[in-house]
Amino acid sequence: MAANKDYLELVIEKLTPLGDVTGKSMFGGFGVFHGGRMFGLISKDVFYLKVGDANREEYSKRCCPQFKPMPYFQVPDDVFEDDEQLLLWAHSSIDLNR
């Protein structure tokens, strides 16, 4: 099942305080971009954020599933529902692209 556009719009709305956040249809899902650089993705209405050395521990502690083979991990439901936490987690993924 492909990701639905309503879910993409919800994700973008939640991330609006970060500034230039956009979505692009990709391979049955969506890439989520900040300033033209991909930091997240949506597959089957699940939101994943980019993970690297700087933010991997938080995802590991939570046993978040990886979108293999890419370096993106599922955002925990409680983080997705907490707008402040979601912005912090998204910001740490955006910082990986700098």
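A good place to enter this predicted model is the side chain of Lys 14, which lies over the face of Phe 80, at 5.0 Å from the ring centre. Phe 80 also has an aromatic partner: together with Phe 47 it forms an edge-to-face pair, with 6.3 Å from centre to centre and 70 degrees between the planes. Because Phe 47 belongs to strand 4 and Phe 80 to helix 3, this pair ties together parts that are 33 residues apart in sequence. Phe 47 and Phe 80 are both buried. Tyr 7 joins them as well, since ring pairs link Tyr 7, Phe 47 and Phe 80 into a cluster. Across the whole structure, the search for aromatic pairs finds five.

Stepping back from the rings, the overall layout can be described. The protein has four helices and five strands, and read from the N terminus on, its elements follow the order α-β-β-β-β-α-β-α-α. The radius of gyration is 12 Å, close to the 13 Å given by the globule rule for 98 residues, so the protein is as compact as a globular protein of that length. The C-alpha trace spans about 30 × 30 × 25 Å along its principal axes.

The interior comes next. Of the 98 residues in the protein, 43% are buried. The largest nonpolar core holds 25 residues, and the members that touch the most others are Leu 15, Val 32, Phe 39, Ile 42, Phe 47 and Leu 49. At least two residues of this core come from each of helix 1 (5-15), strand 2 (29-34), strand 3 (37-43), strand 4 (46-50), helix 3 (77-81) and helix 4 (83-95). Apart from this core lies another one, of five residues, including Met 38, Leu 41, Tyr 48 and Tyr 72.

Leu 15 offers a closer view of the packing. Leaving aside residues up to four places away in sequence, Leu 15 touches Val 21, Val 32, Phe 39, Phe 47, Leu 86, Leu 87 and Ala 90. Phe 47, one of these neighbours, is the residue already met as the ring partner of Phe 80.

Two figures for the whole protein round off the description. Among contacts between residues at least 6 apart in sequence, 51% join residues at least 24 apart. On the outside, the protein exposes about 5,800 Å², and carbon and sulfur atoms supply 52% of that area.

Note on methods:
Residues are numbered from 1 along each chain as its sequence is written. This is a predicted model: local features need pLDDT of at least 70, side-chain atom pairs count only at pLDDT 80 or more; totals for chains, interfaces and linings use all residues. Side-chain values use heavy atoms; hydrogens and water are left out. A nonpolar core is a set of buried Ala, Val, Leu, Ile, Met, Phe, Trp, Tyr and Cys residues joined through side-chain atoms within 4.5 Å. Buried means under 20% relative accessible area, exposed over 50%, partly exposed in between (1.4 Å probe, protein chains only). Contact means heavy atoms within 4.5 Å. Rings of Phe, Tyr and Trp (its six-membered ring) pair if their centres lie within 6.5 Å; planes under 30 degrees apart count as stacked, over 60 as edge-to-face and the rest as tilted. A charge sits over a ring if NZ of Lys or CZ of Arg is within 6 Å of the ring centre and within 35 degrees of the ring normal. The radius of gyration is taken over C-alpha atoms; the globule rule is 2.2 Å times the number of residues to the power 0.38. Accessible areas come from the Shrake-Rupley method with a 1.4 Å probe; for residues, only the protein chains shown count as cover.
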